[in-house]
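Work through the exercises below with the sequence and the model side by side. Try each task yourself before you read its solution.

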Amino acid sequence: MAYKHVRLPEDGQKITVENDQMNVPDNPILGYVEGDGIGPDITKACLRIWDAAVEKAYGGKRKIHWAELFMGEKAAKVYDGDYFPAETLEAIKDLWVAIKGPLTTPVGEGFRSLNVSLRQELDLYACVRPVRHYAGVPSPLKDPGKVDVVIFRENTEDVYCGIEYQSGTDENKKLAKFLKEEMKADFFDDAGLGIKPISEFGTKRLVRKAIQYAIDNGRESVTLVHKGNIMKFTEGAFRAWGYEVAREEFGHCTITEDQLYSEYNGRQPEGKIVIKDRIADIIFQLMLLRPDDFDVLATMNLNGDYLSDAAAAEVGGIGIAPGANMSDNIAVFEATHGTAPKYADKNKVNPGSLLFSGVNMLEYIGWQEAADLISLAYPEVLADKIVTYDFARNMEGATEVGTKEFADALIEQINGGIDLETKRKQRSEKLARERKQREIRRLLQPMEEMIASGRTPTSVSDVMTRTLITVTDDTSVHDAMHEMRKNEVSSLVVEPNDSGEWGIMTRRDIVTKIVREGKSPTDITVGEIASRPVVTVAPETHLREAANTIAEKNISRLLVAGKDGEPMGITTETDIFGAIEQSGWLPEA
Ligand code: NAP
């Protein structure tokens, strides 16, 4: 199309998308919006850094051709007072990928936030926020290097939809009447009312994107974050639909966390991503205590809003937290902080947020080498304690520099010959080591891991006792009782008899069949009092089904056996009680 003010560089070529596949030429045209306030300062600095990294990585073979697009105050100047020109939207659609600085929302009636408008107009339904620590960045955590997550926040639904009715208005009264009279809802008369829509469509496209990202980037897990224990039909449904999309569309390359334990004994199979879920409040605690348990997080609008900023604070704050808003194929990368107007044109602020948004943009278009150059050069500059004012505040002996001088120092490092291969190898070795350690913990202490990692137990394999003490039929009951006391167990598994049936002997058997009958335990063998055949369930049996079996058969424990019939553990009513007492709820199967 013919643009009025947008100039597409003549030497550049547009990215194309066919069948959801993006084709990036070596000379792509990417859009950028400078932004308001501190926007021009950070954008100018970042354009130089990105270009330097691309030049260094590809030696002139690849080059970004930038097209300036206009939004906010600069747009109002160029387009006669229009802060959000239609032409900018068209250009973003045309170019597929763009990056933007922060924008001021004009104060006054009738102005929607420009960022919100952009998301709505382009249906940018996923807000993607990678949060990782760069060595040298001041952090409140003891070991911030363990933080490396990408948060996928749903952008279009939830209580942010604006379906709200102010207390005392006619609309509010009308809705309140309907809810109270027709739906028998109960709440105070003067309550303001808001609606929280969470749809299957909205959930699935977000979770689909998160899983696809995990696959494309070799990530270990995707965690669905929700408050489904309280809001069953919105957040609980998000969880259920999330698992559904994983199962139905990515069944070949994903397993659930339950399967990880019940089928793979805690050992993550090569090429499979683990899909798990955590309750929203627990995730805040876990992101501080065990951040390396998490990799990709998928969540709804409100949870995601809180979580993104809280996680960013762990690794240096909003001054360096990058972000992007995406639809199926359009991606707009952005600084996540605001325009900080008091620092406008002062060459003062940290360009980190926009810089790393650009790094993610380079990764997104497949230019990993250029992205890595920046990520690896950045800690080197910090190691020299060359930082902007915000980091200098928290760093002893820092040399405070302006935005431009920071960019100069970083470009110098990029050009200074970083050994990309060695650094990459070190990073992947570190990740492999950490992965192994997690696996060992899961293998050796599954129950402790479950509690500490905030996992909600759902199947018998989650709660079963794995130490099985087995005896043979001909063992005397007396000897068997010593075994039970020595091993602190309340039951013994009895080896198969001639018909191949496993048995079980419990403390209750001793009380009812020996003590009550006035018999001597030395004269009786285990085979005479053991129960056979023992009631056996598969490890993936849902706890609710197990409870049902226990109730129907009037027994207190179940033997858990694998596909080959070999016993793996025992689940008792005490285990089920303990699991529910600790986690507070039992999600549906
Ligand atoms: P802000 O612009 O993010 O600034 C808040 C504070 O955060 C600053 O005073 C500064 O802290 C720190 N900060 C922000 N960016 C920084 C950077 N690059 N380097 C170092 N420190 C940085 O938030 P605000 O003052 O609430 O909002 C100002 C305007 O921005 C509003 O018009 C708002 O609507 C808009 N906004 C836009 C976006 C967006 O476009 N994505 C997002 C949020 C807000 P110190 O004062 O401690 O130095």
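**Exercise 1: The ligand and its surroundings**

A polar side-chain atom of Tyr389 lies 2.5 Å from an oxygen atom of the ligand, which falls within the limit for a polar contact, a pair of N or O atoms within 3.5 Å, where within protein one atom must be able to donate a hydrogen and the other to accept it, and residues adjacent in sequence count only if both atoms are side-chain atoms. This is a predicted model, in which local features need pLDDT of at least 70 and side-chain atom pairs count only at pLDDT 80 or more, while totals for chains, interfaces and linings use all residues. Residues are numbered from 1 along each chain as its sequence is written, and side-chain values use heavy atoms, with hydrogens and water left out.

Task: find which backbone atoms lie beside oxygen atoms of the ligand, and describe the shell of residues around the ligand.

Solution, step by step:

1. Begin with the backbone, where an N or O atom of Thr339 lies 3.0 Å from a ligand oxygen, and a backbone N or O atom of Ala340 lies 2.7 Å from an oxygen atom of the ligand.
2. Next take the cover: alone, the ligand exposes 880 Å², and the protein buries 67% of that (accessible areas come from the Shrake-Rupley method with a 1.4 Å probe, and for residues only the protein chains shown count as cover).
3. Then list the neighbours, counting a residue as near if one of its heavy atoms lies within 4 Å of the molecule or strand; of the 21 residues around the ligand, Gly338, Ala340, Lys342, Tyr343 and Tyr389 come nearest.
4. Finally sort the shell by class, which gives 10 nonpolar, 8 polar and 3 charged residues (Ala, Val, Leu, Ile, Met, Phe, Trp, Tyr, Cys and Pro count as nonpolar, Asp, Glu, Lys and Arg as charged, and the others, Gly among them, as polar).

**Exercise 2: Salt bridges**

Task: which parts of the chain does the salt bridge between Asp305 and Arg153 tie together?

Solution, step by step:

1. Side chains of opposite charge can pair when their charged atoms come close. A salt bridge is a side-chain nitrogen of Lys or Arg within 4 Å of a carboxyl oxygen of Asp or Glu, and the structure holds 47 of them.
2. For Asp305 and Arg153, the closest N and O atoms are 3.6 Å apart.
3. Asp305 belongs to helix α10 (residues 301-314) and Arg153 to strand β7 (residues 148-154), so the bridge ties together parts that are 152 residues apart in sequence (helices, H or I with at least four residues, and strands, E with at least two, are DSSP runs numbered from the N terminus).
4. Asp305 is partly exposed at 24% relative accessible area, whereas Arg153, at 8%, is buried (buried means under 20%, exposed over 50%, partly exposed in between, with a 1.4 Å probe and protein chains only).

**Exercise 3: A second pair and a network**

Task: are Glu334 and Arg119 buried or exposed, and which residues form a network of salt bridges?

Solution, step by step:

1. Glu334 and Arg119 form a salt bridge whose closest N and O atoms are 3.9 Å apart.
2. This pair links distant parts of the chain, with Glu334 in strand β15 (residues 331-335) and Arg119 in helix α4 (residues 114-121), 215 residues apart.
3. Both Glu334 and Arg119 are buried.
4. The network links Glu257, Asp258, Arg278, Arg455 and Asp462.
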